[in-house]
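Dear colleague,

I am passing this structure on to you, together with some notes on what turned up in it. Please open it alongside this message and follow the notes as you read.

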Amino acid sequence: MLGHRKSPLLPVASALTALLLATACRTAAPPAGGSGRVILVSLDGASATELHRLYQAGALQGGGFSRFYDEGEVASSLTPVDPTLTAVNHISLATGFPPAQTGIVSNNFRVADSPWGERTSGFAAPIGTETLWEAAKRQGKRTGVWAFPGADDTSPRRRGDWGLTYVGRALRTSSRAYLSRASFRPSGAGEAEPADLPQHFGSALSARVEIDEGSPEAAGRSLELIALDVDDDGEEAYGELLVSSPGSDRARQRLVPGGWCRIVWSEVPSGAAVRWIKLLDFPPDLSRVRLYIGAEYANQAYPPKFAADLADRDLIWPGPPDDDSYEATWEGKPGIDLSTWTEQTARFGDFFLDGIAYGAGRPDWDLLLGYVPTIDEAGHELLLEESRQPQFTPERKNDFAAARRDVWQSIDRGLARLLAAVDLRTTTVILVSDHGMVPVVGRIDPNALLRKAGLASLGTDGRVVPAASRAMAISSGGVSHIYLAPGVTTSQRSPILADLRRRFARLAIDGKHGIDRIFAHDELGPLGLDHPNSGDLVLFARVGFTFAEWPLPGGAISAPTDVYGMHGYLYQGGKGDPRLAGIYLALGRGIEKRTLGQVKNTDVALRVAAYLGIEPPRRTP
């Protein structure tokens, strides 16, 4: 029950209580005392267990999370819907409905009645209910969106009044450049040195690096490098590098070993494209200079005026941490180290939180939906906690824990900047997450078992050949949907499903059962998963194992994990692993300092609607 302190904001609290007590009456009139502004920010992958542990240990001193703890509401946890996956839970956060109504039953699944063998992303699939941004628009409210899942600008139903959508593909991939002293020549050879060079001693040396040379998409991208000796010690020792690029609208940028710079080109439709560059090695004699050249990205934003505003303010998508290059290092291949990966992750998080803060400073919104993916990134790559996990050592465990803490602290500082940009007298800020994360030791490929059962035919690439298969699995994290082909007759279905249930129940990996629970389609009601998009069988992996989204080497049924953290497991309203629970915190208008118990994922949209002063999303869009 909300507090009884007398305040002009009390009607908002009372309205929220009334709305939550009458969730069945979702078409009731808007609550009295609403009409405030609301910011809903999701920190993907943020576990309540980890948040509370870090806060209590004094690790979050950046002024963000502490504002919620000191002045607002903090729940013990947020109960996710099943399965505990990103697309599933974000759409439920945005609608107030479980997957049985939204139709988003996994990160990947088969849409009912779609062509046999076709996979659909849960981030792009049709949403079966109204969303918060649709409900707000229907009731005369304006919505801004910063990369929130589901609002991807692919149709009128999937956009706010303005927004930036998640950029899933780079314009050009990352690369590395290696140079020796022979790669450099005297700067301005045959001519005078450029007049605008900073003070240096001895000869400035220049080099040129082609970016993505040979790539059909590359339009002659190159970097111009100038090495400078900046110490007046009588010895030739180069300690600084100037970087520029033809076509870039930025001046030469100075790089020191371990430092980053950013090159921006303005000839792309979005207004600007960017690559981040790090000077990995720069010996004074230039014997082995190494540059990491990050992937090139541009914004995807709407409408054009908002996209132009972002470019003018230098808010340009920096790209996610380069997982492939980081993992290559551990395989003994050229790549990037943990500190470089962590720096990229912090930059990515800063972009999201600074973008949300910029949006909050605009006048043209009533509801602002924001998304931050970096805690989830850190969980997948760095949740090394158990000795059974591949390449475990106590030292790596400690290094990875420190890196995850760094990511949380970066988010903490970004939240402080966001809160400083918000008038909390008129705005309610709600901070949530979709799920937590657990450590993983092994992978399971259900399609390999289907092949063994004679139900699936796999091609040379290990993937299911739909035309030759009577069953197939579509998996995401800890859940796998098993679908029977439309040609399987009614009389065949029951014995096939019974046989598969027995096979999967017996599946053992290193003496441990890999499957936690198995549900037939008609058993999914209590989970809120009984939608036609769900499989004929739905498997939940035991915590510690994850289902392989793509074939395992050699067609194996199981293999060691290739990620350290995962989600998607069965939570069942709190009966599952507590580390899978999300977070809920609120601050600002209508909020009094208090501690909450568990908050349900599906209650969040109702709370947002109450603070906004609108009717919540409807069951029918």
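In this predicted model, Asp 323, Tyr 326 and Glu 327 of helix H8 meet Glu 377, Glu 381 and Leu 382 of helix H10. By class, this contact of H8 with H10 holds 2 nonpolar and 4 charged residues, and no polar ones. The axes of H8, which covers residues 323–330, and of H10, which covers residues 374–382, come within 12 Å and cross at roughly 20°. Because that angle is under 35 degrees, H8 counts as roughly parallel to H10, and the crossing of the two helices is right-handed.

A second pair of helices is H9, residues 338–360, and H11, residues 394–420, whose axes come within 9 Å and cross at roughly 20°. H9 is therefore roughly parallel to H11, and the crossing of H9 and H11 is right-handed. On the H9 side the contact is made by residues including Leu 338, Thr 342, Thr 345, Ala 346, Gly 349, Leu 353 and Ala 360, while H11 contributes, among them, Phe 400, Ala 403, Val 407, Ile 411, Gly 414 and Leu 418. The residues of this contact between H9 and H11 divide into 12 nonpolar, 5 polar and 5 charged.

H9 also has a part in the interior. The largest nonpolar core has 68 residues, and those with the most contacts inside it are Ile 39, Leu 43, Phe 65, Phe 352 and Leu 431; the largest share of this core, 10 residues, comes from H9. If you would like one residue to start from, consider Leu 431, which, leaving aside its neighbours within four places in sequence, is in contact with Val 41, Leu 43, Phe 65, Phe 68, Leu 415, Ile 583, Tyr 584 and Leu 585. Apart from this core lies another, of 58 residues, among them Ala 456, Leu 458, Val 479 and Ile 518.

Finally, there is helix H7, residues 304–312, whose buried residues are Phe 306, Ala 307, Asp 309, Leu 310 and Ala 311. These buried residues of H7 pack against H9 and against three strands, namely S5 (143–146), S6 (162–164) and S17 (301–302). Just after H7, Asp 314 takes a positive phi of about 65°.

With best wishes

Methods
Residues are numbered from 1 along each chain as its sequence is written. This is a predicted model: local features need pLDDT of at least 70, side-chain atom pairs count only at pLDDT 80 or more; totals for chains, interfaces and linings use all residues. Side-chain values use heavy atoms; hydrogens and water are left out. Axes are lines fitted to C-alpha atoms, for helices over the stretch in contact, and angles run from 0 to 180 degrees between N-to-C directions. Helices (H or I, at least four residues) and strands (E, at least two) are DSSP runs, numbered from the N terminus. Angles under 35 degrees count as roughly parallel, over 145 as roughly antiparallel, 65 to 115 as roughly perpendicular and the rest as oblique. A crossing is left-handed if the near helix is turned anticlockwise from the far one by less than a right angle, and right-handed if clockwise. Contact means heavy atoms within 4.5 Å. Ala, Val, Leu, Ile, Met, Phe, Trp, Tyr, Cys and Pro count as nonpolar, Asp, Glu, Lys and Arg as charged, and the others, Gly among them, as polar. A nonpolar core is a set of buried Ala, Val, Leu, Ile, Met, Phe, Trp, Tyr and Cys residues joined through side-chain atoms within 4.5 Å. Buried means under 20% relative accessible area, exposed over 50%, partly exposed in between (1.4 Å probe, protein chains only).
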